[in-house]
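This briefing covers a ligand site and the empty spaces in one protein model. Please look at the structure below before reading the points.

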Amino acid sequence: MFRLDDQVAIITGSGSPKGIGKEIALTFAKQGAKLVIADLNKKGVDEVVNEIENQGGVAFGIELDVTNKVSVDNMIESVMDHYGKIDILVNNAGISQKVTVEDMTLTDMQKIFTVNMFGLFLTTQAVLKPMKAQNYGRIVSLSSVSGKRGGGVFGGAHYSASKAAVLGF
Ligand SMILES: NC(=O)c1ccc[n+]([C@@H]2O[C@H](COP(=O)([O-])OP(=O)(O)OC[C@H]3O[C@@H](n4cnc5c(N)ncnc54)[C@H](O)[C@@H]3O)[C@@H](O)[C@H]2O)c1
């Protein structure tokens, strides 16, 4: 893998103990990146920060709700205060739910889109200013195979639709 020396990388949803975000964070840290571990789950954030530091990496943890613009803006401000720049954003935070369309409520649909698509929009928009100011930035967003071939595998049709929206965005 290529090196990421001194690049500042925010990974949303990286506080999940067995999650993909944590593995991305650990891998980036091994390649020299300075991590921002951001998640609703503050206990998980602290554990991942400890794990990275114990392996000799650099990490800064912060509680984040991607669906809340104030929380997203506060995170950006904290990261800029702490590291002085943002090079990489990985939009990893996401939720799923197994439910048929027949049993799905409008609230189910709204919850999934609020996190998987609207939250991803808020974090993406928020990093544009610092990235444009330094004329460098990379944004990676996690979709899913469900976003291409429909629901029923990892979640309901609302999950698939939200991941298709991520691809379009
Ligand atoms: N696990 C899979 O097989 C798979 C397959 C394809 C895509 N994905 C996608 O990869 C990503 C990670 O999946 P995972 O399996 O590691 O999930 P996970 O549930 O283990 O981790 C997701 C994390 O997102 C956090 N989160 C949820 N809502 C949040 C919010 N509002 N603000 C901030 N953080 C929030 C959770 O606290 C959790 O720590 C998701 O976007 C998922 O849709 C997963």
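By class, the shell around the ligand holds ten nonpolar, nine polar and three charged residues; here Ala, Val, Leu, Ile, Met, Phe, Trp, Tyr, Cys and Pro count as nonpolar, Asp, Glu, Lys and Arg as charged, and the others, Gly among them, as polar. This is a predicted model, in which local features need pLDDT of at least 70, side-chain atom pairs count only at pLDDT 80 or more, and totals for chains, interfaces and linings use all residues. Residues are numbered from 1 along each chain as its sequence is written, and side-chain values use heavy atoms, with hydrogens and water left out.

**Ligand surroundings**

- The ligand has 22 residues around it (a heavy atom within 4 Å), and those that come nearest are Ser-16, Ile-20, Asp-39, Asn-92 and Tyr-159.
- The side chain of Ser-16 has an N or O atom 2.6 Å from an oxygen atom of the ligand, which falls under the limit for a polar contact (a pair of N or O atoms within 3.5 Å).
- Backbone N or O atoms also approach nitrogen atoms of the ligand: the distance is 3.4 Å for Leu-64 and 3.0 Å for Val-66.
- On its own the ligand has 830 Å² of accessible area, and the protein covers 75% of this (Shrake-Rupley method, 1.4 Å probe).

**Largest pocket**

- The ligand takes up the space of the largest pocket; to sit there, more than half of its atoms must lie within 2 Å of the grid points.
- A pocket is an open set of points on a 1 Å grid over the protein atoms alone, with protein on both sides within 12 Å along at least five of seven lines, and lining residues have an atom within 4 Å of a point.
- The largest pocket holds about 540 Å³ of space, a volume filled by probe spheres set on the points, which are joined across faces, edges and corners.
- It is lined by 24 residues, of which Gly-13, Asn-92, Ala-93, Gly-94 and Ile-95 are the closest to its centre.
- Helix H1 (20-30), strand S2 (34-39) and helix H6 (157-168) each give two or more residues to this lining; helices (H or I, at least four residues) and strands (E, at least two) are DSSP runs, numbered from the N terminus.
- The lining of the largest pocket divides into eleven nonpolar, ten polar and three charged residues.

**Cavity**

- One cavity of 30 Å³ or more is found in the whole structure; in a cavity a 1.4 Å probe fits but cannot get out.
- Helix H4 (residues 106-133) gives the largest share of the lining of the largest cavity, four residues.
- That lining has four nonpolar, four polar and no charged residues, including Val-66 and Ala-93.

Terms used. Polar contact = N/O pair within 3.5 Å; in protein donor to acceptor, adjacent residues only side chain to side chain.
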